[in-house]
Amino acid sequence: MKICLINPVFPSSLWDFSGCRDLSGYEFPFPPLSLMTLAGLTPNGHGVRILDENTASLDFDIDAALVGITGYHIQKERAFAIADEFRERGVYAVIGGSLVSESTLEECLQHADAVFLGEAERTWPIFLAEFSAGRPKKIYKEDTLVSMSLSPLPRFELVSLEKYSTAMVE
C-alpha cells in the first residue's frame, strides 16, 4: 500500500518562522519528527512518502491509498482542507497530532475517515492492519504515555534534511 504522510503548512504567525528563515538560509527550522516516526512504525512492504508543505508544494494527484495528516492546532484549517480534498478524490484520510484532542474530536471526525488521539506507537500499526483488512475504526486512542522502547528510529531518509536548520530527536 502507498502511504503519504503530510505536515500542513503553518499559517503566517510566530510558528511559521517566516521572519527569520532568510537569516538562516534554511526553508524551515525542523523536520516533522512525528511523521518520520510513523514511517518507522509502518511495516515493511508499504511505500511511505513524507511531504512537508513548509518545504515543498502538495500535489493532490499523488498516488496513495492513504494519507496521514499531522498538525498543531494552528495548522487545523489547512489540515482539514487537505483531508477534505483527498477524501473528495477517494483517498482515505486520517488526522493525528496535537490538533486532535477530546475538545476537537468531533470537528476532526467531520474532515477525516479516522482520527488518532495521543501517541501512535501502538495505535498506528493496529490501524494499518485493520485498514489493510478493510475494517478500520473511526477513532484510535492511546490513553497512556508510551514507553520510548516502543518508538522506532525515525525515517530521516524520507525528508530532505538539508532544508532544515535543526533536527529533533525524542
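**Exercise 1.** Leaving aside neighbours within four places in sequence, which residues is Ile69 in contact with?

*Solution.* This is a predicted model, where local features need pLDDT of at least 70 and side-chain atom pairs count only at pLDDT 80 or more, while totals for chains, interfaces and linings use all residues. Residues are numbered from 1 along each chain as its sequence is written, and side-chain values use heavy atoms, without hydrogens and water. Now take contact as heavy atoms within 4.5 Å. Ile69 then touches Ile6, Pro8, Ala79, Ile82, Ala83, Val94, Ile95 and Gly96.

**Exercise 2.** Place Ile69 in the largest nonpolar core, and find which elements build that core.

*Solution.* Step one is the term: a nonpolar core joins buried Ala, Val, Leu, Ile, Met, Phe, Trp, Tyr and Cys residues through side-chain atoms within 4.5 Å, buried being under 20% relative accessible area with a 1.4 Å probe, protein chains only. Step two: the largest such core has 25 residues, and Ile69 is among those with the most contacts inside it, along with Ile6, Val67, Phe86, Ile95 and Val100. Step three: at least two residues each come from strand 1 (2-7), strand 3 (66-69), helix 3 (76-88), strand 4 (92-95), helix 4 (105-109) and strand 5 (114-117). These elements are DSSP runs numbered from the N terminus (helices H or I, at least four residues; strands E, at least two). Helix 3 gives the largest share, five residues.

**Exercise 3.** Find the residues of a separate core.

*Solution.* Apart from the largest core lies another of 23 residues, including Ala39, Val48, Leu128 and Val159.

Technical notes. Buried means under 20% relative accessible area, exposed over 50%, partly exposed in between (1.4 Å probe, protein chains only).
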